[in-house]
Amino acid sequence: APTVVDWLLDESWQEVGFYLRWLMPWVYVTLLAIPLSFVMDIERRLGFQFRYQLGSFLLRAGALYLGAVYLQAQGTIVLYSGICALLGGYLVWEMLRMVRISIRK
């Protein structure tokens, strides 16, 4: 990503490439989860959805707090994106499990 941003824009935008590189896993997992989001309504798992959203909010807010207190901007982006990607991956796994689709096959 830094090379592409440098090629498209100029060297002053190189830090943006660093951020893009670390935000892409989160974006990828989010794009996987969007088509599966209907599963929660179909399976009537609103309790799970509430707990997931609450836990997700607390973990993301915690990541931003820890990043603001202990890390610089780049470390905060890495921490936040990593937590978001893990949460999204868990959500995708849980929705696939709800509709009985095995990932192991």
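This briefing covers the helices, surface, salt bridge, largest pocket and a few individual residues of one protein chain. The model is predicted. The protein chain has five helices and zero strands, and its pattern along the sequence reads α-α-α-α-α. Of its 105 residues, 27% are buried.

**Overall build**

- Contacts in the protein chain between residues at least 6 apart in sequence include a 64% share that joins residues at least 24 apart.
- About 7700 Å² of the protein chain is exposed, and 67% of that area is supplied by carbon and sulfur atoms.

**Nonpolar surface patch**

- A nonpolar patch on the surface is formed by Leu8, Leu9, Trp13, Val16 and Leu20.
- Together, these five residues have about 460 Å² of accessible area.
- Leu8, one of the patch residues, belongs to helix α1, which covers residues 2-8.
- Leu8 counts as exposed because its relative accessibility is 57%, and the cut-off for exposed is over 50%.

**Salt bridge**

- The structure holds one salt bridge.
- The partners are Glu94 and Arg97, and their closest N and O atoms are 2.4 Å apart.
- Both Glu94 and Arg97 sit in helix α5, which spans residues 73-98.
- Three residues separate the positions of Glu94 and Arg97 in sequence, about one turn of the helix.
- Glu94 has 5% relative accessibility and therefore counts as buried, since buried means under 20%.
- Arg97, in contrast, is partly exposed, because its relative accessible area is 45% and so falls between the limits for buried and exposed.

**Largest pocket**

- The volume of the largest pocket is about 240 Å³.
- The largest pocket is lined by 16 residues, and those closest to its centre are Ala33, Tyr52, Gln53, Leu91 and Met95.
- Helices α2 (14-33), α4 (46-70) and α5 each contribute at least two residues to the lining of the largest pocket.
- Helix α4 gives the largest share of that lining, with six residues.

**Thr76 and its contacts**

- Thr76 is placed in helix α5.
- With a relative accessibility of 14%, Thr76 counts as buried, because that value is under the 20% cut-off.
- Leaving aside residues up to four places away in sequence, Thr76 touches Leu64, Gly67, Ala68 and Leu71.

**Leu64 and its contacts**

- Leu64, one of the residues that Thr76 touches, is part of helix α4.
- The relative accessibility of Leu64 is 44%, so Leu64 counts as partly exposed.
- Setting aside residues up to four places away in sequence, Leu64 touches Thr76 and Tyr80.
- Leu64 and Leu79 are 15 residues apart in sequence, and the distance between their C-alpha atoms is 8.2 Å.
- The contact between Leu64 and Thr76 joins a residue of helix α4 to a residue of helix α5.
- In this contact, Leu64 is the partly exposed partner, whereas Thr76 is the buried one.

Technical notes. Residues numbered from 1 in each chain as written. Predicted model: local features only at pLDDT ≥ 70, side-chain atom pairs only at ≥ 80, totals over all residues. Heavy atoms only, no water. Patch = residues over 30% accessible without salt bridge, like charges linked within 9 Å, V, L, I, M, F, W, Y side chains within 5 Å. Areas by Shrake-Rupley, 256 points an atom, 1.4 Å probe, with all protein chains shown as cover. Salt bridge = Lys/Arg side-chain N within 4 Å of Asp/Glu carboxyl O. Helix = DSSP H or I, 4+ residues; strand = E, 2+ residues; numbered from the N terminus. Buried < 20%, exposed > 50% of the residue type's maximum accessible area, 1.4 Å probe, protein only. Contact = heavy atoms within 4.5 Å. 1 Å grid on protein atoms, 1.4 Å probe; cavity = no way out; pocket = protein on both sides within 12 Å on 5 of 7 lines; lining within 4 Å. Points joined across faces, edges and corners; volume = space filled by probe spheres on them.
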